[in-house]
Amino acid sequence: MAASLNLDLCLALLSRFRTRRTTLALFFGVVSLSLLLLYSTTLGIDVAVYEWLPSSLVPTVFTSGTSKQKSSTCSPREYSQGRWVEQPYYTRPGPLSRGWRPNDTAGGPLDAGDSDVLAQGDSSSTTYITNLTRKEDIFTLTRFQGCASSRDYWWHFAVDQEERWDRFPRALNWEWVPGGRCNDNLENGEGLREWDSVQVLQYLLEQGGWLLIGDSITENHFFSLSCLLYPHVIATPRPHDRFDRGWPQHMYLNPASPLLQNDSSEAEPTLRLPPGFDIAQTPLATFRRVDLLWSQEELENMHRDLHPEFYRVNSAFKLFGKEPVWTISPDEYLDIFTQSLPLGRYGTLILSTAGHWTTNLFAGYKDTPTATELDSDDLEDAGAQPVYGYDGLMQFFGEVMEKWAPKVQARLDSVNVDERSAKKGSRYPPGRPTPGDGEVESPVKRQVIVRAYLPGHDGCHHYRSAVDELQPIPPSWNWAKIPTYNQIFENVLNKSISETAPPLYPDVHFLPIDLPG
């Protein structure tokens, strides 16, 4: 399946997911989430791994027995070097259908010569929505049939406040056209393919589901995925369920989906379930709110060990202030990630962090203490002095991620078989007997993807179109520092013993796309 769901299909999903905090509300969440599919499809799984290699390094015959495929010519960094183009929403037949022409450097909208494409955009009516009159109109604009997730439903679409409806439909007319070789003609076997829900669902079944770890930005990605796969999925919690932000949200196959049924007694359903997979218990995707990737207690202990100077000069020093935060230990979410069927069959742990690494939450870094707050006996101490503000906080961020990476890789090593043994013919990883029928659970190779965090803007709801220049970043968050946080995390994960040595964390990958955003 990995061979058929290759890089261009994954990047098709990539072309529309956009984050809530940026200019264009829900559609902005589509870009980042699609990249998760891109990486989880192309890293270490079957032949798809070769799609990230130069064509000269792609073997002629794949050991998996699948047919040879053309290597990809679209990298994450090329994708992020694109541009916003205004295209009428009705030029997109589906939520991820592109309204731009491959190799269209002019970036103009489709014209009368593209009447066949325009006609597909809204076949039910020749009258297009020019302004919102009800919340439900957003489905026509986004091309969604609905969404499985019920959490903050209309808020995710940014239609919860009627006084802001004047943003639509123009806010959803903007489309990200990727750069470089990503913007190519599909007839050449390159570029981006259209979104295919069936292929994505089968991929999640065969190669393992996603465990999404992060803050409200990642929660938006979970919501967007529930829209893209609707009506073939259902999600929990259900409407009106009691809920806390720290509790998990799950996405399951919808037992009523026609993909699981077949009117012909001789034909199999479209979707093939792995042995031991229970649609009532086994999630396709799960979101868990984890703002900092470590628990507060772990961070406090590490900070005291790494930076005793803070406590030496101020015995009353406290790392955290009173701002609320939702976060757990890596041990807890790695236990979830590696659990066995029927409770879980995750193949990819997808996470991001940075948005809550602020001097408001880490209040101990916010201001340099005054002389009256310092312990007088230590004022003239010749030892290391505390570094306050974001310079000190980002230093601490890098230090704890240096501890996070080997911890995560060690857990992956414990559940993944060494690749060398797999090349000798053993399963990768070995299958496990499943309860009941004695069938062997299909193996999945687990991996972790750290995606670049996307900065937002406090006043995004005031804008009605894409902007040409970076707008001033308000001081209420740390968004001006986000590129530095991303670079710190990427540097940690890209470390190796030498230039010729393999990476220290071969199963933990950084996804370097910080645009659009």
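**Note on a predicted protein model: core, sheet and salt bridges**

1. Setting aside neighbours within four places in sequence, Leu299 makes contact with Leu292, Trp294, Leu319, Phe320, Trp357, Phe362, Phe396 and Val400. The model discussed here is predicted, and this residue is a convenient place to begin reading it.

2. Leu299 belongs to the largest nonpolar core, which has 53 residues. Within that core, the residues touching the most other members are Leu299, Trp357, Phe362, Trp404 and Leu493. Two of the contacts of Leu299 listed above, Trp357 and Phe362, thus reappear here. The greatest contribution to the core comes from helix 12 (residues 389–415), which supplies 11 residues. Another core, of 46 residues, lies apart from this one; its members include Ile138, Phe168, Phe222 and Ala285.

3. Some overall values place these cores in context. The protein chain has 517 residues, of which 54% are buried. It contains 14 helices and nine strands. Among contacts with a separation of 6 or more, 75% are between residues 24 or more positions apart. The accessible surface of the chain is about 22,600 Å², and carbon and sulfur atoms account for 49% of it.

4. In what order do the strands of the seven-stranded open sheet lie? The order is 4-5-6-3-7-8-9, and the pairing is mixed. Strand 4 (233–236) and strand 9 (508–511) form the edges, each pairing on one side only. From one strand to the next, the twist averages 20 degrees.

5. At one edge of the sheet, strand 4 and strand 5 run antiparallel and are joined by four bridges. Val233 has Leu253, in strand 5, as its bridge partner.

6. Two helices may be viewed against the sheet. Helix 11 lies across strand 3 (209–214), strand 6, strand 7 (346–351) and strand 8 (447–451), and runs at about 150 degrees to strand 7. Helix 14 (residues 482–493) lies across strand 8 and strand 9, running at about 145 degrees to strand 9.

7. The structure holds 13 salt bridges. As a general principle, side chains of opposite charge can pair when their charged atoms come close. One of these bridges joins Glu332 and Arg288, with an N to O distance of 3.3 Å. It links distant parts of the chain, since Glu332 is in helix 11 (residues 330–337) and Arg288 is in strand 6, 44 residues apart. Are the two partners buried or exposed, or in between? Glu332 is partly exposed, at 36% relative accessibility, whereas Arg288 has a relative accessible area of 13% and is therefore buried, the limit being under 20%.

8. A second bridge between distant parts of the chain joins the side chains of Arg272 and Glu206, at 2.8 Å from N to O. Arg272 lies in the loop between strand 5 (249–253) and strand 6 (285–289), while Glu206 lies in helix 7 (residues 197–207), and the two are 66 residues apart. Both are partly exposed: Arg272 has a relative accessible area of 44%, and Glu206 is at 23% relative accessibility.

9. A further bridge is formed by Arg134 and Glu136, whose closest N and O atoms are 4.0 Å apart. Arg134 is partly exposed, with a relative accessible area of 46%, and Glu136 is likewise partly exposed, at 36%. Salt bridges with shared partners join Arg134, Glu136 and Asp137 into one network.

Terms used
Residues are numbered from 1 along each chain as its sequence is written. This is a predicted model: local features need pLDDT of at least 70, side-chain atom pairs count only at pLDDT 80 or more; totals for chains, interfaces and linings use all residues. Side-chain values use heavy atoms; hydrogens and water are left out. A nonpolar core is a set of buried Ala, Val, Leu, Ile, Met, Phe, Trp, Tyr and Cys residues joined through side-chain atoms within 4.5 Å. Buried means under 20% relative accessible area, exposed over 50%, partly exposed in between (1.4 Å probe, protein chains only). Contact means heavy atoms within 4.5 Å. Accessible areas come from the Shrake-Rupley method with a 1.4 Å probe; for residues, only the protein chains shown count as cover. Two strands pair if DSSP finds at least two bridges between them. Axes are lines fitted to C-alpha atoms, for helices over the stretch in contact, and angles run from 0 to 180 degrees between N-to-C directions.
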